[in-house]
Amino acid sequence: MPIERVAPGLERMVSLNQRIEELGNGYGGDQGPAEGPVWWKEGGYLLFSDIGHNRRMKWAPREGVTLFKEPTDYANGLTRDLQGRLIACEHGTRRVTRLEPDGSITVVAGSYKGTRLNRPNDVVVKSDGSIYFTDPWTFRDAPPGEWDLDFAGVYRVSPDLGTLTLLVRDFVTPNGLAFSPDESILYINDSRRGHIRAFDMQPNGMLALATDRVLCDLKGERPGIPDGMKVDVEGNVYCGGSGGIWVLDPSGNHLGTIVHGAPATTNLAWGGDDWKTLYFTTRNTLGCVQLKIPGVTVPARR
């Protein structure tokens, strides 16, 4: 059965006989997998990154998957800001960028205290316009001095892009991140350690570090690690883990797993007219599954 029930309550979110659809395949490569899906509400389509082929793809209900843009500087995680502009984490340039309506690029973040970032991975925008992103350090075997930073960081960029703040640096591989619906909690997963950590938010947008706790450990006997992560309007958390997409209640209890059959879930996105479709990327495919509770939305263009 593609939907595995682990604890009571899963049926409120997804039917146990719900079909999982594959929407496209053949993505990914040596430079990276399919990643970063984001729903474009006003157009009724989904964009996602094909990192390995250095391109951005588009999926639409009647068109299927088509090429949207290339090259993309090996972009990974994607989201939209409060004005509906595309925010991208670029591996090739080691920066976070914003695509303006006229097609020009604004650099959101490219260095920390004058030192180039590692490889920004995933990104989320808060309702005040501040931008949070993960920057894992994946070059531990590189010769000394080849890479500028020697730690993995999670950062906040102020709404005016004027201030970049390092929030925490004790993750091994920080990856997906998501706010609770009321933005009182920031969830950040650690792919190497196999768990999700939760931090209460302070009024100034910083993390209350003393509240740091492990929400859930997602390791298991089957393939799959924490990667992209999303939250629905009731605060339930969806994240790649052992065996597929784990569905967690707000307390971190594992309610069930959406088993799509691929070795890893790389990222997730809510979409559809009612925001109840959960799109997901794996290393090589794009898929979706229908849920019963809408997800936390991303902005559309004003």
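In which sense do strand S25 (residues 265-271) and S26 pair, and over how many bridges? Select both and take a look: S25 and S26 run antiparallel, with six bridges between them. Keep in mind as you click around that this is a predicted model.

**Stop one: the S25-S26 hairpin.** Pick Thr265 and then Thr282, its bridge partner in S26. Now go to the turn. Five residues sit between S25 and S26 in this hairpin, and one to highlight there is Gly272, whose phi is positive at about 85 degrees.

**Stop two: S26 itself.** Select residues 277-282 and show the side chains. Six of the six residues in this strand are buried, leaving S26 mostly covered. Colour the two faces separately: Thr277, Tyr279 and Thr281 point one way, while Leu278, Phe280 and Thr282 point the other way. Both sets are buried.

**Stop three: on to S27.** Add residues 285-290, which make up strand S27. S27 is antiparallel to S26 and joined to it by five bridges. For a landmark, choose Thr281 and find Leu286, its bridge partner in S27. The hairpin linking S26 to S27 passes through two residues.

**Stop four: Thr257.** Jump to strand S24 (residues 254-258) and select Thr257. Is Thr257 buried or exposed? Its relative accessibility is 2%, so Thr257 counts as buried, under the 20% cut-off. Show the side chain of His254 too: a polar contact of 2.9 Å connects it with the side chain of Thr257. Finally, bring up what Thr257 touches beyond four places away in sequence: Pro2, Ile3 and Glu4, along with Ser242, Gly243, Gly244, Ile245 and Trp246.

Definitions and conventions
Residues numbered from 1 in each chain as written. Predicted model: local features only at pLDDT ≥ 70, side-chain atom pairs only at ≥ 80, totals over all residues. Heavy atoms only, no water. Buried < 20%, exposed > 50% of the residue type's maximum accessible area, 1.4 Å probe, protein only. Helix = DSSP H or I, 4+ residues; strand = E, 2+ residues; numbered from the N terminus. Pairing = 2+ DSSP bridges. Polar contact = N/O pair within 3.5 Å; in protein donor to acceptor, adjacent residues only side chain to side chain. Contact = heavy atoms within 4.5 Å.
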